[in-house]
Amino acid sequence: MADAELKVKGLDELKMSFDQLVAKYPDKAGDLLKKDALALRRNIVNNAKELTKTKSDHKKSLGKLSSFRVSQVQGLMNNQFVEISAKSPHFHLVEKGHELKVKGKTIGFVQGVHYLDKATKVYEDKFEEHVDNMVEALLKEGGLI
């Protein structure tokens with residue numbers, strides 16, 4: 001079998017252009033992450049209201065936006081992230097399920113609702129589309145396409 005050699009020219013220039021683009025717009029990724037995390041939080045709350053038939057009259061209700069916290073953007077450059085967490089102490093019981101006990105005796109199991117998982121899976125495609133649109137707009141703005 002013959003050895004083949006492939007030479008690609010211009011990769012160093014392309015990498016330098018991308019590095020300049022990232023340096024020119026350092027906050028764009030973080031802004032998009034924060035915006036999409038807030039939208040995802042709304043979807044999580046809507047799923048909680050719909051799937052658990054919860055009312056939002058209690059201050060720790062899972063049917064309120066204020067029951068979920070979105071962190072500030074963490075990390076640097078292309079390693080940025082945000083975290084969405086629930087303030088309600090019973091969140092994990094509703095999300096993942098729990099044993100039902102009476103007087104210390106287990107009498108059954110309550111299935112988890114998994115509305116956080118469901119909302120995240122539904123939002124994945126939207127987030128990917130938002131990232132693609134942002135990258136394309138930045139490439140045009142930076143004169144790379």
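**Close-up 1. The salt bridge at D117.** In this predicted model, D117 is partly exposed, with a relative accessible area of 29%. D117 forms a salt bridge with K96. The closest N and O atoms of the two are 3.6 Å apart. D117 belongs to helix α4 and K96 to helix α3, so the contact ties together parts that are 21 residues apart in sequence. A search of the whole structure gives three salt bridges.

**Close-up 2. The salt bridge between K140 and E136.** K140 pairs with E136, with the closest N and O atoms 3.4 Å apart. Both residues sit in helix α4. They are four residues apart, about one turn of the helix. E136 has 40% relative accessibility and therefore counts as partly exposed.

**Close-up 3. The salt bridge between K101 and E99.** Here the closest N and O atoms of K101 and E99 are 3.8 Å apart. E99 is partly exposed, at a relative accessible area of 48%.

**Close-up 4. The aromatic cluster of F68, F91 and Y115.** The count of aromatic pairs is two. F68 and F91 meet edge-to-face, 6.0 Å centre to centre, with 90° between the planes. This pair links distant parts of the chain: F68 is in strand β1 (residues 68–70), F91 in helix α3 (residues 91–96), and 23 residues separate them. F68 and F91 are both buried. F91 also pairs with Y115, again edge-to-face, at 6.1 Å centre to centre and 80° between the planes. That contact joins helix α3, which holds F91, to helix α4 (residues 115–141), which holds Y115, across 24 residues. Y115 is buried, as is F91. Ring pairs thus link F68, F91 and Y115 into a cluster.

**Close-up 5. The nonpolar patch on the surface.** L100, V102, I107 and V110 make up this patch. Together they have about 310 Å² of accessible area. Strands β3 (97–102) and β4 (105–111) each supply at least two of the patch residues. L100 is located in β3. L100 is partly exposed, at 39% relative accessible area; patch residues need over 30%, so L100 passes that cut-off.

**Close-up 6. The second largest pocket.** The volume of this pocket is about 200 Å³. Its lining includes the acidic residues D36, E83 and E124. Also among the lining residues are L33, A37, L40, F81, V82 and I84. T120, Y123 and F127 line the pocket as well. Helices α2 (28–52) and α4 are the elements that give two or more residues to the lining.

Terms used. Residues numbered from 1 in each chain as written. Predicted model: local features only at pLDDT ≥ 70, side-chain atom pairs only at ≥ 80, totals over all residues. Heavy atoms only, no water. Patch = residues over 30% accessible without salt bridge, like charges linked within 9 Å, V, L, I, M, F, W, Y side chains within 5 Å. Areas by Shrake-Rupley, 256 points an atom, 1.4 Å probe, with all protein chains shown as cover. Salt bridge = Lys/Arg side-chain N within 4 Å of Asp/Glu carboxyl O. Buried < 20%, exposed > 50% of the residue type's maximum accessible area, 1.4 Å probe, protein only. Phe/Tyr/Trp six-rings, centres within 6.5 Å; stacked < 30°, edge-to-face > 60°. 1 Å grid on protein atoms, 1.4 Å probe; cavity = no way out; pocket = protein on both sides within 12 Å on 5 of 7 lines; lining within 4 Å. Points joined across faces, edges and corners; volume = space filled by probe spheres on them.
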